[in-house]
Amino acid sequence: MTTTPQTWPDWYDSKHINEVLFCQQFLEKHPMKCVRGRLFTADGLIEDEGQIGNLILKEISGCLTSGLSKVVANLLASIKLQAYSPPLPIETDRIHVANGTYFMDGSFIADKSYCNNRLTVSYNSNASAPKRWLQFLSELLQPEDIPTLQEFLGYCLLPTTKGQKMLMLIGKGGEGKSRIGLVMRSLLGDSMNTTSIQKVESNRFSRADLENKLLMVDDDMDMSALPKTNYIKSIVTSECKMDMERKGVQSYQSQLYVRFLCFGNGALTALHDKSDGFFRRQIVLTTKDRPAGRADDPFLVDKLLREKEGIFLWCLEGLHRLIGNNYQFSISGKARENMETVKRSSNNVIEFLQSEGYIRFKADSEASSKALYEAYQRWCEDNAQKPMSANRLSSELAQNERLYNVEATNNVHVGGKRVRGFMGIEVVNPLPY
């Protein structure tokens, strides 16, 4: 009886795997690029590299029967070396969708190219208007706030931070606002991340998790005041590379373009940062109250997702409007009031400066910083408020000289001395020196 000799793949000699040849043939069959140790296909980043390991296992299991896990790990490392690519370009003139490429000039081609982000929704110019989605939004938001949401969700389709805003949707609970995050997940796929805004600021590894992400959603925002705001402010307005840290990996510089969308029962505040720069980066929309006796639809998300091609066109409309307005969002009067309310509630210095009976703005007047702070302390005591530092009061006035029509000076005359203070303001009934 004759036996047919075993026919081995080109990359195997019956004892050893030729890693170079194996990787070449594997990449011909499964084209990929490796950017900073992470694998990309034409469909975007491969979040779970276990699926690549599984493909390798299927290739070699007919040749090897032991030590497979170690061999798979070595081959995966070799594939990454052979698939090396410099960082992929950040393209703001197009959106990579499931069925091709949509260009911001309105054209579309079915071709696919390597990209940082490929959406999981297809472009269909004939998709029907998303009636259930629009009904849902009309029940959730005031009519004048819907264009703001439309522009922001469209803003999240492009890898850019030119809008320099994050969006907060605030309600009492149960309105259904977090459904928006689930809809965006259906459009963006792995280009969206769900985590905590608090973690982004406090965990040094969390920023790297936002790399190559278009959107980060915090669907239940912690109401604790942020101890720091440095990273959040930098990311929202990011225009240059930032330092990234991954566990066990040397830190490196990378460009982030993630946007923040947060849902909660209250606004985002900070323990120490009361600056206009922190609040200026936020858009705060308040939801309508949940109607008493409303029966929630457990299949609402399923109904919304059936309209996702239409929702994508709706988001595109908002993006085009935003770009046409030079990345200036349509902010309603109500939304502006929301922001002012948040600023006042987190910074009682603003309330003091708008109060009566303690200070008076007058062109030919002056007041020392010490006298102003004493007046502020009296206001806090009268209103059961905890006073902030004297520097905080002086800083608020100095940063808003035009708003209050004052001018910082070190030439205020008090008791024959020249001290620091402000021109254009006076203390009502000051304490005697």
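## Close-up views of a predicted model

**Figure 1. The open sheet S4-S5-S6.** In this predicted model, three strands make up an open sheet whose order is S4-S5-S6 and whose pairing is antiparallel. The edges are taken by S4 and strand S6 (108-109), each of which has a single partner strand, so one side of each is left without a neighbour in the sheet. Four bridges connect S4 with strand S5 (residues 100-103), and the two strands pair in the antiparallel sense. Within this part of the sheet, His96 stands opposite Thr101 in S5. Helix H12 (residues 308-324) packs on the sheet, where it touches S4 and S5, and its direction makes about 165° with that of S4.

**Figure 2. Ser85 in the loop before strand S4.** Ser85 belongs to the loop that lies between helix H3 (68-82) and strand S4 (94-97). Is this serine buried or exposed? With a relative accessible area of 8%, Ser85 is buried, because the cut-off for that class is under 20%. When residues up to four places away in sequence are not counted, Ser85 touches Lys33, Cys34 and Val35.

**Figure 3. The open sheet S14-S16-S15.** Another view is centred on an open sheet of three strands, which has the order S14-S16-S15 and antiparallel pairing. Strand S14 (359-368) and strand S15 (407-414) are its edge strands, and each of them pairs on one side only. On average, and with direction ignored, neighbouring strands of this sheet are turned by 45° against each other. S14 and strand S16 (residues 417-427) run antiparallel and are joined by six bridges, and in this pairing Ala367 stands opposite Phe422 in S16. Helix H15 (residues 369-382) packs on the sheet and touches both S14 and S16, with a direction that makes about 50° with that of S16.

**Figure 4. Two asparagines with positive phi.** Most residues other than glycine have a negative phi. Asn212, although it is not a glycine, has a positive phi of about 65°. This residue, Asn212, lies in the loop between helix H8 (206-209) and strand S9 (215-218), and its relative accessible area of 14% makes it buried. Asn405 also has a positive phi, with a value near 60°, and is likewise a residue other than glycine. The loop that holds Asn405 runs between helix H17 (401-404) and S15, and at 61% relative accessibility Asn405 counts as exposed.

**Figure 5. Aromatic pairs and a ring cluster.** The count of aromatic pairs in the model comes to 18. One of them is formed by Trp133 and Phe136, whose rings are tilted, with 5.9 Å centre to centre and 40° between the planes. Why are these two residues separated by about one helical turn? Trp133 and Phe136 are three residues apart in helix H4 (residues 131-140), which means that about one turn of the helix separates them. Both Trp133 and Phe136 are buried. A further pair, formed by Phe278 and Phe279, is edge-to-face, with 5.1 Å centre to centre and 65° between the planes. Phe278 counts as buried at 2% relative accessibility, and Phe279 counts as buried at 2% relative accessibility as well. Elsewhere, ring pairs link Trp8, Trp11, Tyr12, Phe22 and Phe26 into a cluster.

**Figure 6. Arginine charges over tyrosine rings.** Two views show an arginine together with a tyrosine ring. In one, the charged end of Arg207 sits over the ring of Tyr231, at 3.5 Å from the centre of that ring. In the other, it is the ring of Tyr155 that has the charged end of Arg259 over it, and here 4.8 Å separates the charged end from the ring centre.

**Figure 7. Domain layout.** To place these views in the whole chain, the protein is divided into domain 1 (19-83), domain 2 (131-342) and domain 3 (347-427). How many Å apart do the C-alpha centres of domain 1 and domain 3 lie? Between the C-alpha centres of these two domains, domain 1 and domain 3, the separation is 66 Å.

Methods. Residues numbered from 1 in each chain as written. Predicted model: local features only at pLDDT ≥ 70, side-chain atom pairs only at ≥ 80, totals over all residues. Heavy atoms only, no water. Domains from an automatic or database assignment. Phe/Tyr/Trp six-rings, centres within 6.5 Å; stacked < 30°, edge-to-face > 60°. Buried < 20%, exposed > 50% of the residue type's maximum accessible area, 1.4 Å probe, protein only. Lys NZ or Arg CZ within 6 Å of the ring centre and 35° of its normal. Contact = heavy atoms within 4.5 Å. Pairing = 2+ DSSP bridges. Axes fitted to C-alpha atoms, helices over the stretch in contact; angles between N-to-C directions.
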